[in-house]
Amino acid sequence: MHPAKSVIFFTTASGAGYGLMVWLAMAKLLNLLPLQPLFACVAFGLAFILIIGGLLSSTFHLGHPERAWRAMSQWQSSWLSREGLAAVLSFAPMGLLALYWLWPEQALLAQISGPMAWGSIIMALLTVFFTAMIYASLKTIPAWHSRMTVMAYLVLSLMSGAMLMALLTMLWGYDGAGLFAIIALVFILFGLGVKLLYWARLAGKKAVSTAGSATGLADFGAVTLVESPHSTDNYLLEEMGFKIARKHAAKLRKIAVLLGFLTPILLLSLAIMLENSSLQIVLLFAGVMLGGIGLVVERWLFFAEAKHVVTLYYGEHAI
Amino acid sequence: MTSLPKNKPQKKLGLVIDLDICVGCHACAVNCKEWNTGGHSAPLTDIDPYGAKPKGVWFNRIHTFEAVHEETGRSRTVHFPKSCLHCDDAPCVTVCPTGASYKREEDGIVLVNADTCIGCKLCSWACPYGAREYDEDEGVMKKCTLCVDRIYNENLPESSRAPACVTTCPAGARHFGDLGDPSSTVSKIVAKRGGVDLMPEQGTRPVNKYLPPRLKNIDKTNDPASPRMLAHQDSSSDGAGLLARWVDKLLS
């Protein structure tokens, strides 16, 4: 599949934003952090920038962005529609939670802050789950048609959110910072496991469709394309026929694992062991940045490595 | 609108494509383009049509495949036109977030409403057959309409009220009719010739059917009536005449 920059940015950025929102809400529910307005401005601001930036970027690849509002109407059948609806609805609890953190003394906000925190957690996770289901529900792309896709999206969202949370709490010197660094570390390990399982499944997966089943000619023997319908690439080949050399894929996987998981594991472990808070901040910041690049590589591969069954009509033999 | 019709369409208009007859002339694709660039989903935009890399929207594309039998080594070349199969369980319809993509209850035709399509391309990802194409110029998805603007068109003579690809096929390889009615001509052809679904494992239950090429004696292993397949290195003189055998002996 063609790895569109807008969708890669959308899924990684909004994933991290929703993850951060989950941990902020969790911190409120467990009373882990003091309620300081400046921290609220920065933390919720960052979460909203990531979420809104991602959502806006996802509309850039639309042919008619001005009609994007229509995408919320078909929630009964379409995962994309459910995602759009959940994304918009989630702003209510998340926004109120942010307001409460800014004005904790406001009685009404304080009263509803508990349910709003729960609402933020549920809606953030639901939105990420719906995003994942857009991909996991497609039978035509067997690489994605799996629970592993959903697991990966949820875990990587919580992982990147936890890394941001650890960095922010460390910046403010909160007591909870160490706990969030440990949570981030646990989720990085979890994320690495999920991605390794995802790739293992990809390697061991049996073909779902073949050129024989695509043409109905399997009884006549091994089916090969001898002539393409056109003399140049068409939309289908550009969108669905993206190819990445196997050796590059292997190299990029190593880069994704190294930057996205192993380096953050090392940097976070060091940060947890150290006492010096300014060095801890530097380590966490480096972890967030390198981890972010690793996640972008991982997401690029998620698209580039996935093959679509329509390519069976363009020379592939089994997908 | 995006959900499939609650009452399953009784009438299932569709195509039956005879792979035994198709000669791969591309006339169906050309006439499709000709009609539809002025029809329901007009225009079928071309990008750089006279340049080095022309591309554009086509509802019908003709591929050519070769099937080589593992045992006999014999091959068949099959021309393979492919357009929307107007599936019973059309995944392109249910993934649509706006309701622009829909399946008609009255005849099962799958269409796109260009006024509400946002051009997210997800329907093209969900379709196993490559039936949906993005019009870069208009920013919406386009697809075969089964010539919905022809088949019911009272301004046309009755003989022309069929999809453009069917009326133009010079070989008679394409049939149009109601595949939901077991007594229709198309249903009978499908039953008689063992018409197949493309990628049945994808669970789309396509309406369009493909008739596989008829088996010929050359497809059957060791049929004495079939022509010999000569090996590249012929070391035997079996069946040769007296003189030829003598020469063979002399030379070897």
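1. In which sense do β1(B) and strand β11 (residues 209-211) of chain B pair, and over how many bridges? They pair in the parallel sense, over three bridges. One matched pair shows where to look: B:D18 stands opposite B:L211 in β11(B). Keep in mind throughout that this is a predicted model.

2. Now look at another partner of β1(B). Strand β10 (residues 174-178) of chain B is joined to β1(B) by five bridges. These two strands run antiparallel. To find the pairing on screen, start from B:V16, whose bridge partner in β10(B) is B:H175. As background, strands of a sheet pair through backbone hydrogen bonds, either parallel or antiparallel.

3. How covered is β1(B) itself? Strand β1 spans residues 13-18 of chain B, and six of its six residues are buried. In a regular strand the side chains alternate between the two faces of the sheet. Check each face in turn. On one side sit B:L13, B:L15 and B:I17. On the other sit B:G14, B:V16 and B:D18. Both faces are covered.

4. Next, the contact between the chains. Chain A brings 46 residues to it, and chain B brings 52. On the chain A side, α3 (79-102), α7 (211-215), β1 (222-227) and α8 (235-240) each supply at least two residues. The largest share of that side comes from β1(A), with six residues. By class, the side of chain A that touches chain B has 20 nonpolar, 20 polar and six charged residues.

5. Follow β1(A) across to chain B. Five bridges join β1(A) to strand β4 (residues 61-68) of chain B, and the two run antiparallel. A:E227 is a useful marker here: its bridge partner in β4(B) is B:T64.

6. The pairing continues within chain B. Eight bridges join β4(B) to β5(B), again with an antiparallel run. Here B:A67 stands opposite B:R76 in β5(B). Put together, this is an open sheet of three strands in the order β1(A)-β4(B)-β5(B), with antiparallel pairing. The edge strands are β1 of chain A and β5 (75-82) of chain B, and each pairs on one side only. From one strand to the next, the twist averages 35 degrees.

7. Turn to two helices of chain A. The axes of helix α9 (residues 246-273) and α10(A) come within 8 Å. They cross at roughly 160 degrees. Why call them roughly antiparallel? Angles over 145 degrees count as such, so α9(A) and α10(A) are roughly antiparallel to each other. Their crossing is left-handed. The contact between α9(A) and α10(A) has 19 nonpolar, six polar and two charged residues.

8. Finally, one residue. A:L283 is found in helix α10 (residues 277-304) of chain A. Is A:L283 buried or exposed? A residue with 20 or more other C-beta atoms within 10 Å counts as buried. A:L283 has 24 within that distance, so A:L283 is buried. Leaving out residues up to four places away in sequence, A:L283 touches A:L267, A:L270 and A:A271. A:L312 makes a contrast to inspect: A:L283 and A:L312 are 29 residues apart along the chain, and their C-alpha atoms are separated by 47 Å.

Methods:
Residues numbered from 1 in each chain as written. Chains lettered and ligands numbered in written order. Predicted model: local features only at pLDDT ≥ 70, side-chain atom pairs only at ≥ 80, totals over all residues. Helix = DSSP H or I, 4+ residues; strand = E, 2+ residues; numbered from the N terminus. Buried ≥ 20, exposed ≤ 12 C-beta atoms within 10 Å, placed from the backbone. Contact = placed C-beta atoms within 7 Å. Nonpolar A, V, L, I, M, F, W, Y, C, P; charged D, E, K, R; others polar. Pairing = 2+ DSSP bridges. Axes fitted to C-alpha atoms, helices over the stretch in contact; angles between N-to-C directions. Parallel < 35°, antiparallel > 145°, perpendicular 65-115°, else oblique. Left-handed = near helix turned anticlockwise from the far one by under 90°.
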